[in-house]
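Visitor: I am new to this structure and should like to be guided through it. May we begin once it is on display?

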Amino acid sequence: MGRYLNPGNEGFAETVSSEIYIDKTDMINYTNRVLESESKYVCVSRPRRFGKSIAAKMLVAYYSKGCDSKDLFKNLSISKQPSFAKYMNQYDVIRLDIQWMYSVSENKVPLIEFIQDEVIHELKESYPKYIKDKEHSLAIALSDIFHAMKRKFIIIIDEWDCVFREEKKNEQLQETYISLLRSLFKGVLAEETIALAYMTGILPIKKYGTQSALNNFNEYTMVDPSIMAPYMGFTEDEVKGLCQRYSMDYEEARRWYDGYKLRKAGHIYSPKSVVEAMYRQDYGSYWTSTETYESLKGYITGNFDGLKDAVIKLLAGQSCPLEAGTFQNDMTSMENKDDVLTLLVHLGYLAYDAETETVSIPNEEVRREFKRAVTQTKWTEVIRALNTSNELLQATLSMDTDVVSRILDEVHTDNTSILEYNDENALSCVISIAYYSAREYYTIIRELPSGKGFADLVFIPKKQFAEKPALVVELKWDKSAESAIKQMKEKKYFESLEEYQNNMLLVGINYDKKTKEHVCKIEEYLKK
């Protein structure tokens, strides 16, 4: 049992014995299906805190000849599969944690040589007859062993993209690293030598032009997770089970950590955040400061047409269209706003809806990270709107229409240079930004079906703020605030909010294009 060659199962045993462990071992059923086939090259990318390393440890524990994992897996889901016993602990496994190897190598330039020499050293100890004394090519060393003993290898690489994240501008190192991966996984010799290659990281495999550097890999990402979707994070049922077990409010868990809706899995939650919330018995932001947060701050202020507009719409709770195909799968080759938004999907800061091909801020935890990042920019007009949003909410609740109108005028004036203010949709975006702090107390729904139509904005109080009134907001363009109130009454927009009908405010807002002023009218609605 070595550090790299045929490691033990201690890492996964520790995971399984944790107070909270969600069984994802059914993923092994997929890797068993592709084992020693043309589909044996697998790369799964997902954000930090989404269980990448746990999946790698699980595969090591299952396949490695360096341990006996029968008892470890006997009560887990994979044990019910027909292929369970056939492949367990039957392979020479090489495990590489590139992040760790990067951190311990003394000089980052010869990192690739360090990786190869470290693994070859252990191979020589196990197979001294078949590796030349001065061999420095890992690919050739593996090929020599295979041709002598017909023994295939499983290679599991965790944090495969570390080089592209840590050495963003070191193209020489990146190209050398990709050459190493090509030597291991592409070509006739690799096809003979490798039984399974499993890589995990944050970024998909780097593109050169329009082609992947390793186009023989099947990739599963936050944009296109396919059959790997259930293993990308905690599912809705899994989170419900944890909330019941720990007596935590599921609706709050959903507000804080839901939002990543993946085809073939439905809603997916951030595992690390959910576990922290259960342990601490408190919902909050457990997003730790990493290089990904520094990327968020840097990229949202990038000089790309439409990017600032998109970020403001996202902050306002809206979604934005995304063309993800041009992204080069690194952190430097940004050509347009879509590249930046696609990167933020892979980093976990945005959720991608494959059906509508749009992105949005997924949940409360990430929304707070966006706000924190924006407040460290030079977007003074946006920051001012965010800072005055609490004053606007209080003025609305106290039915002070003059203050409401004044603040909306100020927010509009500040942001006209960013948002094209020419229709009710743009008006809705600015209103949503202006009421940003209301998300602390309310669930805000756009275009809520109610009565005989759709209410523009509905503010529903969260459970812990049930004493606050519900707000139904109707927006008008070059008409009148009175007509907005009248429309809400005639179309009975309040019908779907029956439990609030004695604690509800109707808010009509009109923008006059000629005077460039907002007029607000607020009425208390009481069920007759």
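Visitor: Which helix gives the most to the lining of the second largest pocket?

Guide: Please note that this is a predicted model. The second largest pocket is lined by 29 residues, among them Phe50, Gly51 and Ile54, which lie nearest its centre. The elements α1 (10-16), α3 (52-63) and α14 (271-280) each supply at least two residues of that lining. The greatest contribution, six residues, comes from α3.

Visitor: How many residues in the lining of the second largest pocket are nonpolar?

Guide: The lining of this pocket, whose volume is about 720 Å³, can be divided by class. Its charged residues number nine and its polar residues five. The nonpolar residues number 15.

Visitor: Which element provides the largest share of the lining of the largest pocket?

Guide: The largest pocket holds about 1,400 Å³ of space. Its lining comprises 41 residues, with Arg255, Pro362, Asn363, Thr443 and Ile444 closest to the centre. Several elements each supply at least two lining residues, including α13 (250-257), α18 (364-374) and β14 (442-450). The largest share, five residues, belongs to β14.

Visitor: How many charged residues are in the lining of the largest pocket?

Guide: This lining also divides into three classes. It has 16 nonpolar and eleven polar residues. The charged residues number 14.

Visitor: Is Cys520 buried or exposed?

Guide: A residue counts as buried when its relative accessible area is under 20%. The relative accessible area of Cys520 is 8%. Because this value falls under the cut-off, Cys520 is buried.

Note on methods. Residues are numbered from 1 along each chain as its sequence is written. This is a predicted model: local features need pLDDT of at least 70, side-chain atom pairs count only at pLDDT 80 or more; totals for chains, interfaces and linings use all residues. Side-chain values use heavy atoms; hydrogens and water are left out. Buried means under 20% relative accessible area, exposed over 50%, partly exposed in between (1.4 Å probe, protein chains only). On a 1 Å grid over the protein atoms alone, a cavity is a set of points where a 1.4 Å probe fits but cannot get out, and a pocket is an open set with protein on both sides within 12 Å along at least five of seven lines; lining residues have an atom within 4 Å of a point. Grid points are joined across faces, edges and corners, and a volume is the space filled by probe spheres set on the points. Helices (H or I, at least four residues) and strands (E, at least two) are DSSP runs, numbered from the N terminus. Ala, Val, Leu, Ile, Met, Phe, Trp, Tyr, Cys and Pro count as nonpolar, Asp, Glu, Lys and Arg as charged, and the others, Gly among them, as polar.
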